[in-house]
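Visitor: Hello! I am new to reading protein structures. Could you walk me through one, feature by feature?
Guide: Gladly; let us look at it together.

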Amino acid sequence: MASREQLAEHVDPASTVLLTVECQRGVVGPESALPELAAEARSSGALGNVARLVAAAHEANVQVLHAVAERRPDGRGASRNARLFRAAGRLPVQQHTGSTAVRIAEPIEVADEDLVVRRLHGLSPIAGTDVDALLRNLGCTTLVVTGVSANVAIPNAVFDAVNLGYTAVVPSDAIAGVPADYTPAMIRNTLALVATVTTTDDLVSCWLRGSGRRAANGTGGRTTGRG
């Protein structure tokens, strides 16, 4: 686990972007297509910690980018080359473009300056999307990765970020997967080898330290609704 001093070297608000991964109603909301994952994201505190980080990022002028996975109702362009994709197509809740399922879930607040990137295919919120180009245009050198799931999309995002030359930071208490004990094992044995592992408290402290701002509690920030 990185010390706050070590962390501060990487998370300058001017060159850091906070990425939320699949924190959408149809994934982590109360009517999730994946109720076990949604329950773990909420009971573990991970979703609440994502909301805290988003609020702190808004306060500290850190760019926030929300990555949403969705599919057209007719399925055009959707991936079918893995068991996961085929199973997703049979779930009772579908992540259809324009539906409430693909809106950002409570208690995360979306501000006017946030970016939302939607993908119709694949496993990664970065590869094959606009994310890399947006990060470079924003002057990003460090990407903070949060959300779900620790089983697939989170490690995929971290690997992609590192391969593209970004410093990846993972708040260990702001990601979730199933079963519950899989997430700390994934962090310890895999993500810690390629990313700076930290906590929500330490990251919030780095962003808001010395600014006279209060630590975010998930209700602050400049908000307009959900993406």
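Visitor: Which helices each supply at least two residues of the nonpolar patch?
Guide: Please keep in mind that this is a predicted model. The helices you ask about are H7 (153-163) and H8 (182-194). The patch itself is made by Phe159, Val162, Leu193 and Val194, and its area is about 330 Å².

Visitor: Where is Phe159 found, and how exposed is Phe159?
Guide: Phe159 is found in helix H7. Its relative accessible area is 34%, so Phe159 is partly exposed.

Visitor: Let us step back to the whole chain. How many helices and strands are there?
Guide: The protein chain has nine helices and seven strands.

Visitor: What radius of gyration does the chain have, and what would a compact globule have?
Guide: A compact globule of 227 residues would have a radius of gyration near 17 Å, and the 16 Å of this chain agrees with that. Along the principal axes, the C-alpha atoms fill a box of roughly 50 × 40 × 35 Å. Of the 227 residues, 51% count as buried.

Visitor: And how do contacts along the sequence look?
Guide: Take the contacts between residues at least 6 apart in sequence: 82% of them join residues at least 24 apart. As for the outside, the chain exposes about 10,000 Å², with carbon and sulfur atoms supplying 51% of that area.

Visitor: How many disulfides does the structure hold?
Guide: Zero. A disulfide needs two cysteine sulfur atoms within 2.5 Å. The closest cysteine sulfur to that of Cys140 belongs to Cys206 and is 16 Å away, so the two are too far apart for a bond.

Visitor: Are these cysteines buried or exposed?
Guide: Cys140 is buried, with a relative accessible area of 8%. Cys206 is buried as well, at 15%.

Visitor: Now for charges. What lets side chains pair up?
Guide: The general idea is that side chains of opposite charge can pair when their charged atoms come close. In this structure, a search finds eight salt bridges. One of them joins Glu106 and Arg25, with 2.9 Å from N to O. Glu106 sits in the loop between helix H5 (83-88) and strand S3 (115-119), while Arg25 is in helix H2 (residues 25-28), so this pair ties together parts that are 81 residues apart in sequence. Glu106 is partly exposed at 30% relative accessibility, and Arg25 is partly exposed at 23%.

Visitor: Which residue does Asp201 meet in a salt bridge?
Guide: The partner of Asp201 is Arg52, at 2.9 Å from N to O. This pair links distant parts of the chain, 149 residues apart: Asp201 is in helix H9 and Arg52 in helix H4 (residues 46-60). Asp201 is partly exposed, with a relative accessible area of 43%.

Visitor: Which residues are joined into one network by salt bridges that share partners?
Guide: Start with Asp74 and Arg72, whose closest N and O atoms are 2.6 Å apart in a salt bridge. Salt bridges with shared partners then join Arg72, Asp74 and Arg76 into one network.

Visitor: One last residue: is Asp202 buried or exposed?
Guide: Asp202 counts as buried, at 15% relative accessibility. Asp202 lies in helix H9 (residues 200-208). Setting aside its neighbours within four places in sequence, Asp202 is in contact with Ala2, Arg4 and Leu7.

Note on methods. Residues are numbered from 1 along each chain as its sequence is written. This is a predicted model: local features need pLDDT of at least 70, side-chain atom pairs count only at pLDDT 80 or more; totals for chains, interfaces and linings use all residues. Side-chain values use heavy atoms; hydrogens and water are left out. Patches are made of residues with over 30% relative accessible area and no salt bridge: like charges are joined within 9 Å, nonpolar side chains (Val, Leu, Ile, Met, Phe, Trp, Tyr) within 5 Å. Accessible areas come from the Shrake-Rupley method with a 1.4 Å probe; for residues, only the protein chains shown count as cover. A salt bridge is a side-chain nitrogen of Lys or Arg within 4 Å of a carboxyl oxygen of Asp or Glu. Helices (H or I, at least four residues) and strands (E, at least two) are DSSP runs, numbered from the N terminus. Buried means under 20% relative accessible area, exposed over 50%, partly exposed in between (1.4 Å probe, protein chains only). The radius of gyration is taken over C-alpha atoms; the globule rule is 2.2 Å times the number of residues to the power 0.38. Contact means heavy atoms within 4.5 Å.
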